[in-house]
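The exercises below are meant to be worked through with the sequence and the structure in view. Try each task before reading its solution.

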Amino acid sequence: MAIPSIDISSADNYPKPDGIKFGYGTAGFRYNANILSSTVFRVGVLAALRSRYLGGKVIGVMITASHNPPPDNGAKIVDPAGDMLEEAWETYATDLANAATSQDLADRVNELIKNLNIDISTPANVIYARDSRESGPALVKALEAGLKAAHDAKSTDYGLLTTPQLHYLVKSLNTLKSANSYGVPTEEGYYKKLANAYKKVLSGSEPYSITIDAANGIGAPKVSELVKHLEGTIDMTLINGKYEDPSLLNSSCGADYVKTNQRLPGGLDADVPKLKLFCSFDGDADRIVFFYIDEDGKFRLLDGDKIATLAASFLKDLVQETNSGLNIGVVQTAYANGSSTEYLESVLKVPVVCTPTGVKHLHHAAQQFDIGVYFEANGHGTVLFHPDAVAKLQTFQVSSPAQKAAIDTLLALSDLVNQTVGDALSDLLLVLAILTIKRWNPADWNQSYTDLPNRLLKAEVRDRTMFKVTNAERTLVEPPLLQSQIDNLVQKYSQGRSFVRASGTENVVRIYAEAVTQTLADELGVKVSHLLE
Ligand code: NG1
Ligand code: ZN
C-alpha cells in the first residue's frame, strides 16, 4: 500500500532564518525567541508524527527556556512515559529544524514517514504548555500551526505550567486506563497526588518553615496552588513571585543564579535570619537548590549533591528497616562535588554511577536500581522507584509495626516524588519531609560532608565540536594531548580534579576544577582554561 504523503505548505508562514544551524540538545531547542518560530512549527509536525508512530500515544511539548534570560525560549518534546524524547528522534528533530525551505521540509517529513513506516491516518494526540515568557503565546501559535499541518493532530493547550507538570500529565494520560495509572490527568490531580503523599509521610508534624525564591517564574503561582492543598502542613513565604512581569524572570534570582554565584538571590533583605531554610526554583520549576545563612553569617549552599545525599541516606535507613532487600543507587555527573561522591561511597556505602550531563542519561541509569536517586549538582533530579520494587513493597508480608511504618513511608514517597523528571515542587516536599522527620535544621543537613572548593568557568572557542570526550565526560580524547596537559596540571594540586567538555546548551566549552582550597581551585581552573587558548 502506498503511504500517503503529508502537505505542509503552511510552513511558508514560518520560514527558517538563514545562516543558523539548529540543534536539539540535552534541553531540546533553546535559542533567542526571535529566531525560533520555524523550529517550533517543525516541533509540532514532529510531535504529531511521534504520536502516530507510537500508535496515538500522548506526546507533550513544553515551550520553555528554563533558567535562560527572558529573551530566550525553547521547545522540548516529552515521550509517552513522561520522559525525554528518544535519542534517535532528537536527530530527526534537528534534521527537520534545518530544512531550508518548505519544500525541503515536506521532503524530509515524507521521507521520515516512509522510513519509519508511520501510518499517518493514525490519530495523533499532542498536549502542550508554556512557561511565563513573553514570547510563549506566539510560539504556541507556531506549534499549533505545525500540529494542524501534520494532518490535523488532536491537541490540547494546557496554558501555563511548570515543565514537570506537563511531564506528569503526559504520563497520567498515557496510563489512564491501565492498572498502574500514574495519576489523575489534571493540574488539580497533580497537586492532590503530591499533597496527599506529603500528608501521609508527615502526619501530625509541625509545619516546616521555608522561604521560596520562585525566580519570578511559573513556579510562583504553581507552588502557591500546591500549598493550598497542603492545608497548613508547610509554612511558606514566597519571594520573587512576579511571574506576570516576564522581564524579571531569572533576573538576579533563581536556582541557576544562586548556584553559580553562591550567593543570596535578590529580593531578600541583607539581614537574613540565621539557620533559616531557603530555596530557589529555576524559571520552569524543574530545578531547586536550598541555602541558608550559618551562625557565622556565611552563605551556605545545599545543592543537588546535598539533596541526593540527604535522600539516599534517608531512603537507605528506611529500606534497611523494611528488610525488603531493595537496592539503592545514586547517579551523578562529573560536576558532582568530589566530597559528595566520597561520602556516598565511603560513609553511606551506596553505589554511585557517573553519566554524561543531561537528565536523560541520569534518568536511564537510575532506572537500573530498585530505588535510583539522581541529581545534577545544579539541582535537577528526582528519585525513581522501580515498578517491581513498588509492587514488592505493596505485597510484602510485614512482621512488625516498625517494618509496616517504613514500608508505608516508602510507598508514600514513591507518590510524593515525581517519577517522570526532576521537579522543584516535588523535590521541595521530599526535602521538607526528610528534614521534618529527622528534626534537622539546614546546618544539621549541611554537616554530612564539606564540599571541596570548586570553580566552573566557560570559554568561547572557535569550534566546540572539536572537544570529544569519553569516560562520562571526564576525559578528553580530542583535541590530542590536551587531556595529558590537564592531567599534568591536576597532579600538582592537593585533591585536584578538573575536566573540560563542550556545553550542550550554549556555544561554549566548560571548565570544572576542584582543589583543597578555593584559591587553588580557582588557580587550577584558570590554568586549564589557558590550555584552550
Ligand atoms: P550544558 O550546557 O551541556 O553544560 C547545562 C547544565 C546541565 C543541564 C543542562 C540543561 C551544568 C554544568 N550544565 O548543560 O547540568 O542542566 O544545562 O539540560 O550545570
Ligand atoms: Zn529548568
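**Exercise 1: two helices**

In this predicted model, the axes of helix α6 (residues 187-201) and helix α7 (residues 219-230) come within 9 Å and cross at roughly 45°. Decide how α6 is oriented relative to α7, and then describe the residues of their contact by class.

*Solution.* Begin with the angle: angles under 35 degrees count as roughly parallel and 65 to 115 as roughly perpendicular, and a crossing at roughly 45° therefore makes α6 oblique to α7. The crossing of the two helices is, in addition, right-handed. Next, look for the residues that meet: α6 contributes Tyr-191, Lys-192, Leu-194, Ala-195 and Tyr-198, while α7 contributes Glu-225, Leu-226, His-229 and Leu-230. Sorted by class, the residues of this contact comprise six nonpolar, one polar and two charged.

**Exercise 2: the domains**

Find where the domains of the protein chain lie, and describe how domain 1 meets domain 2.

*Solution.* The chain is divided into domain 1 (9-160), domain 2 (189-302), domain 3 (304-446) and domain 4 (454-531). Although the C-alpha centres of domain 1 and domain 2 lie 32 Å apart, 10 residues of domain 1 are in contact with 13 residues of domain 2. On the domain 1 side of this contact there are three nonpolar, four polar and three charged residues.

**Exercise 3: the ligand**

Which residues come nearest to ligand 1?

*Solution.* Of the 13 residues around ligand 1, those that come nearest are Ala-27, Asn-378, Ser-503, Gly-504 and Thr-505. The shell has two nonpolar, eight polar and three charged residues, and it draws at least three residues from each of domain 3 and domain 4.

How values were computed: Residues numbered from 1 in each chain as written. Chains lettered and ligands numbered in written order. Predicted model: local features only at pLDDT ≥ 70, side-chain atom pairs only at ≥ 80, totals over all residues. Axes fitted to C-alpha atoms, helices over the stretch in contact; angles between N-to-C directions. Helix = DSSP H or I, 4+ residues; strand = E, 2+ residues; numbered from the N terminus. Parallel < 35°, antiparallel > 145°, perpendicular 65-115°, else oblique. Left-handed = near helix turned anticlockwise from the far one by under 90°. Contact = placed C-beta atoms within 7 Å. Nonpolar A, V, L, I, M, F, W, Y, C, P; charged D, E, K, R; others polar. Near = placed C-beta within 6 Å. Domains from an automatic or database assignment.
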